[in-house]
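Colleague: Before I use these labels, I want the reasoning behind them. Take me through it.

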Amino acid sequence: QLLLHTDSKISEYLKRLKYRDDFSVIQPIISQIATNKKVRKFLEGGILVAIPPTQKRDVQPVEQLAKTLAVKLSINYITDAFSCEIVDTTKPIPKDQRAKNRKYIHYFVPDTKKLEEIKRDAKIILFDDYYDTGTTMKYAANALKDIGFSNVNIFTVGYTKAAKKRFIQNYKNTHQND
């Protein structure tokens with residue numbers, strides 16, 4: 001299952017968090033998420049696992065959001081459940097090539113010691129702040145499934161404009177005869 005949550009205020013907060021490291025917006029983001037009944041029902045009974053961030057920072061926004069949400073909703077949270085290596089597989093890489101034309105592979109390695117006591121049919125909720133292509137989530141979910149987890153779900157706080165456009169197009173394609 002996949003649940004994307006966003007509204008215009010949360011989108012603005014996420015931009016401030018991502019681009020300005022404005023951690024003062026974490027509480028307002030969590031407060032808005034926590035009041036959403038659909039979100040609370042989706043997260044109920046789950047174990048929140050934050051996606052490893054791709055940028056190295058002293059304090060990781062996605063981890064702070066996940067921890068704060070877990071505390072607010074009294075749900076389980078596992079820290080550092082993965083390590084992740086992102087490999088640029090574009091060869092050769094011309095100096096003038098734009099970043100969006102590069103091809104990346106995400107290697108997720110679950111920390112089996114941290115995950116060993118969790119039942120393999122437990123409701124795992126992969127948490128990310130932004131959803132764009134879904135590639136990161138796909139690789140992370142597959143890494144969990146590869147070690148036996150069968151109930152892997154995805155929750156993101158916001159999504160990019162490109163992701164919204166793809167969702168709308170996919171909806172139109174699947175419902176054009178309705």
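Modeller: Start with the word buried: a residue earns it with under 20% relative accessible area. This is a predicted model, and 38% of the 178 residues in its chain count as buried.

Colleague: How much area does the chain expose, and what share do carbon and sulfur atoms supply?

Modeller: About 11100 Å² is exposed. Carbon and sulfur atoms account for 47% of that area.

Colleague: What is the order of the elements in the chain?

Modeller: There are 7 helices and 7 strands. Starting at the N terminus, they follow the order β-α-α-α-β-α-β-β-β-α-β-α-β-α.

Colleague: What share of the contacts between residues at least 6 apart in sequence joins residues at least 24 apart?

Modeller: The share is 74%. A contact here needs heavy atoms within 4.5 Å.

Colleague: What makes a set of residues a nonpolar core?

Modeller: Two tests: the residues are buried and of a listed type, such as Leu, Ile or Phe, and they are joined through side-chain atoms within 4.5 Å. The largest set that passes has 27 residues. Ile29, Ile33, Leu43, Leu48, Leu69, Phe127 and Phe155 have the most contacts inside it. Two or more residues each come from helices H1 (8–20), H2 (26–34), H3 (37–43) and H4 (61–73), and from strands E2 (47–50), E6 (123–131) and E7 (151–159). H4 gives the largest share, 6 residues.

Colleague: Which residues does Ile29 touch, leaving out those up to four places away in sequence?

Modeller: Ile29 touches Ile10, Tyr13, Leu14, Leu65 and Val157. There is also a second, separate core of 20 residues, with Leu115, Ile118, Ala140 and Ile154 among them.

Colleague: Why is Ser74 called exposed?

Modeller: The cut-off for exposed is over 50%. Ser74 has a relative accessible area of 67%, so Ser74 is exposed. Ser74 sits in the loop between H4 and strand E3 (76–78).

Colleague: And why is Asp80 called partly exposed?

Modeller: Partly exposed covers the range between the buried limit of 20% and the exposed limit of 50%. Asp80 has 46%, and therefore counts as partly exposed. Asp80 belongs to the loop between E3 and strand E4 (82–88).

Colleague: What is the sign of phi at Ser74, and at Asp80?

Modeller: Most residues other than glycine have a negative phi. Ser74 has a positive phi, near 55 degrees. Asp80 is not a glycine, and its phi is positive at about 50 degrees.

Terms used
Residues are numbered from 1 along each chain as its sequence is written. This is a predicted model: local features need pLDDT of at least 70, side-chain atom pairs count only at pLDDT 80 or more; totals for chains, interfaces and linings use all residues. Side-chain values use heavy atoms; hydrogens and water are left out. Helices (H or I, at least four residues) and strands (E, at least two) are DSSP runs, numbered from the N terminus. Buried means under 20% relative accessible area, exposed over 50%, partly exposed in between (1.4 Å probe, protein chains only). Accessible areas come from the Shrake-Rupley method with a 1.4 Å probe; for residues, only the protein chains shown count as cover.
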